[in-house]
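Let's take a walk through this structure together, starting with the overall build and ending with the cysteines. Have your viewer ready.

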Amino acid sequence: MKTALVLIDIQNDYFPNGRMPLEKSNETCQKAQEILQACRSNDIPTIHIKHVSTRPDALHFLPCTKGVEFHPDVQPTKTETVIKKHYPNSFKDTNLLNHLIKHKIKHLVIVGMMTHMCIDATVRAAYDLGFSCTVIHDACTTKNLEFNSMVIPAQTVHNAFLAAIQPLYARVLSVKEYLHLTTAKTAVEA
């Protein structure tokens, strides 16, 4: 089954000094970078998803700002695909589905920002479209949420959304677990 790595919204506005910093964004980016390097080493196709805000009231990911750009640690190469989106679901009004079909990709390894929004929406859409997914939990992050005047800590939000998508919508692994499986598979194929 052909696999692609999908990095979702690893953009400057989600980091310290950005317009909407997330919990542990630097650590999450380092983990995403580990996966990215491993996928590049194994010639796994890579797709970078870039959110560009089009809403008039948007406060982050504004066009032509530094905040909308990819974080320097996960910059796409010239051979990697970049897909712009305007909604949480990376498939909505984008060419992601056509790209995956064209390249006969059936399995997505997903990392990025925000677990409760764009990761969740994309994983569920991918499942509904017939793809299998692996989410790398320590290469994803989110933020605190509020409900009924109660703050829900980012780690709780992250864990709840990951618990909700496994095992039906996605397999959820750590970077270490994924790299171990990838290394073992490569050794068997050699």
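**Overall build and cysteines**

For a chain of 190 residues, a compact globule would be expected to have a radius of gyration near 16 Å, and the chain agrees, since its value is 16 Å. Keep in mind as you look around that this is a predicted model. The C-alpha trace spans about 55 × 35 × 30 Å along the principal axes of the chain.

Next, turn on the cartoon view. The chain holds five helices and eight strands, and following the sequence you will meet them in the pattern β-α-β-β-α-β-α-β-β-β-α-β-α. As for how the chain contacts itself, take the contacts with a separation of 6 or more: 76% of them are between residues 24 or more positions apart.

Now for the surface. Of the 190 residues, 47% count as buried. The accessible surface of the chain is about 10100 Å², and carbon and sulfur atoms contribute 54% of that. The chain carries 20 positive and 17 negative charges, and the mean positions of the two sets lie 6 Å apart.

Finally, the cysteines. A disulfide is a covalent bond between the sulfur atoms of two cysteines. With a cut-off of 2.5 Å between sulfur atoms, the count of disulfides is zero. Cys-39 is in no disulfide, and the nearest cysteine sulfur, in Cys-140, is 13 Å away. Cys-39 is also buried, because its relative accessible area is 1%, under the 20% limit. Why does Cys-118 not form a bond with Cys-140? The sulfur of Cys-140 is the closest cysteine sulfur to that of Cys-118, but at 11 Å it is too far for a bond. Cys-118 is buried as well, with a relative accessible area of 3%.

Methods. Residues are numbered from 1 along each chain as its sequence is written. This is a predicted model: local features need pLDDT of at least 70, side-chain atom pairs count only at pLDDT 80 or more; totals for chains, interfaces and linings use all residues. Side-chain values use heavy atoms; hydrogens and water are left out. Helices (H or I, at least four residues) and strands (E, at least two) are DSSP runs, numbered from the N terminus. The radius of gyration is taken over C-alpha atoms; the globule rule is 2.2 Å times the number of residues to the power 0.38. Buried means under 20% relative accessible area, exposed over 50%, partly exposed in between (1.4 Å probe, protein chains only). Contact means heavy atoms within 4.5 Å. Accessible areas come from the Shrake-Rupley method with a 1.4 Å probe; for residues, only the protein chains shown count as cover. Lys and Arg count as positive and Asp and Glu as negative; His and the chain ends are not counted. The place of a charge is taken as NZ of Lys, CZ of Arg, CG of Asp or CD of Glu.
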